[in-house]
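Reader: Please take me through one part of this model at close range. I would like to look at a single contact between two parts of the chain, and then at its surroundings.

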Amino acid sequence: MPMDIRQLRQFLAVVDTGSFTKAAEAMLVAQPSLSQTIRGLERELGVSLFNRIGRTVSLSEAGREFEGPARLAVRDLDAAKAHIDRLRGLQSGRIEIAAMPSPSIEPLTALMASFATSHPQIAFAVDGTFTVDETIDAVRHGRVEIGFPGSRGPLRLTDLDVLPVSAQPLRLARRREPGAPRDTPVDPRTLTGTRFVVSHSGSLMRAYVDELIADGVGIEITAEVAHRTSIIPLVRACIGTAVLPSAWQAFAGADVELVPLLGAPSLHVSAISRPEGLTPAAAAFLTATAKVAASAGTTQPT
């Protein structure tokens with residue numbers, strides 16, 4: 001029997017849930033039936049896709065190799081169906097996105113809000129990533145349709161479409177003091193002795209702070225947080241200052257200010273996608289994103 005889409009969907013359900021029982025519940029099938037489907041798929045491929053140890057399952061080496069193509073095949077079929085649905089006049093869809101923490105706050109929030117106004121029937125599913133490579137990998141292997149990485153410079157890829165969206169200069173986030181001058185640029189060399197709140201390694205903001213320390217600026221790291229959304233509340237509570245992209249000012253409130261840092265790099269946010277096979281909803285979202293980028297004067301796609 002040739003491989004079919006049902007087998008691929010059930011295989012991916014096991015991968016995503018980490019359990020045959022949970023996968024069967026998610027797929028609304030009996031667990032023995034799902035197990036039989038997976039065994040049939042393994043017979044057709046001639047390899048074991050999972051390591052089964054007691055009640056736990058994990059991908060075998062062959063399973064890891066098979067996951068990416070399986071996701072792409074399922075996504076391509078979903079995209080084809082979505083195109084047919086659009087021809088039939090159906091106005092619905094779901095856009096799956098992977099975004100790093102800073103891009104997910106801005107510009108993704110504004111992009112989603114604008115798109116939802118004109119396309120209220122479209123749903124979003126946003127998965128979090130923490131590095132540029134992780135975001136690229138999610139798009140390459142079909143786990144999502146669109147990725148929003150934030151990199152130190154303009155992103156260039158040979159196998160994916162890259163749409164530059166915004167460039168956000170890094171700024172110093174600090175508690176606003178009454179009567180203090182606003183927007184006066186800060187020389188990083190004067191930050192010796194300053195207490196800092198930072199994220200874990202992997203972000204441009206953390207890399208910049210580490211570079212200042214390596215250059216001899218006596219910064220004291222007082223808090224290292226996994227969730228970057230907690231940085232501003234910690235700055236507000238006077239735990240320390242921080243380095244954040246300029247777009248975060250909209251979420252900082254009146255008591256936290258983001259002031260320019262002399263010589264600081266910018267966070268370059270891009271929207272990345274596969275060159276073909278996008279669902280109509282994802283394609284429409286990218287078109288809307290491109291219009292926003294063009295109106296802001298961002299560089300055209302590379």
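Author: Start with the salt bridge between Arg 71 and Asp 16. In this predicted model, the closest N and O atoms of the pair are 2.5 Å apart. Now place the two residues. Domain 1 covers 5-62, so to speak the home of Asp 16, by the automatic or database assignment of bounds. Domain 2 is made of two stretches, 71-166 and 268-298. Arg 71 stands at the start of the stretch 71-166. Domain 3 takes up 169-266.

The salt bridge has company. Between domain 1 and domain 2 the count is 2 salt bridges. Residue pairs in polar contact, both at pLDDT 80 or more, also number 2 between these domains. On the side of domain 1 that touches domain 2, the residues divide into 4 nonpolar, no polar and 2 charged.

Next, the extent of the interface. 6 residues of domain 1 are in contact with 5 residues of domain 2. About 500 Å² is buried between the two domains. Carbon and sulfur atoms give 63% of that area. In domain 1, the residues that lose the most area to domain 2 are Ile 5, Arg 9 and Leu 12. Together they account for 74% of what the domain 1 side buries. The C-alpha centres of the two domains lie 29 Å apart.

Now go further into domain 2, to its stretch 268-298. Ser 273 belongs to strand E12, residues 266-273. Is Ser 273 buried or exposed? Its relative accessible area is 4%, under the 20% cut-off, so Ser 273 is buried. Which residues is Ser 273 in contact with, leaving aside neighbours within four places in sequence? They are Val 139, Glu 145, Leu 160, Asp 161, Leu 278 and Leu 286.

Domain 3 offers a helix to look at. Helix H8 runs over residues 204-214. Its buried residues are Leu 204, Met 205, Arg 206, Tyr 208, Val 209 and Leu 212. Gly 216 follows H8, with a positive phi near 100 degrees.

Last, the whole chain. It has 11 helices and 12 strands. Of its 302 residues, 45% are buried. Among contacts with a separation of 6 or more, 75% are between residues 24 or more positions apart. The C-alpha trace spans about 75 × 50 × 35 Å along its principal axes.

Note on methods:
Residues numbered from 1 in each chain as written. Predicted model: local features only at pLDDT ≥ 70, side-chain atom pairs only at ≥ 80, totals over all residues. Heavy atoms only, no water. Contact = heavy atoms within 4.5 Å. Buried area = accessible area lost by both parts, 1.4 Å probe. Salt bridge = Lys/Arg side-chain N within 4 Å of Asp/Glu carboxyl O. Polar contact = N/O pair within 3.5 Å; in protein donor to acceptor, adjacent residues only side chain to side chain. Nonpolar A, V, L, I, M, F, W, Y, C, P; charged D, E, K, R; others polar. Buried < 20%, exposed > 50% of the residue type's maximum accessible area, 1.4 Å probe, protein only. Helix = DSSP H or I, 4+ residues; strand = E, 2+ residues; numbered from the N terminus.
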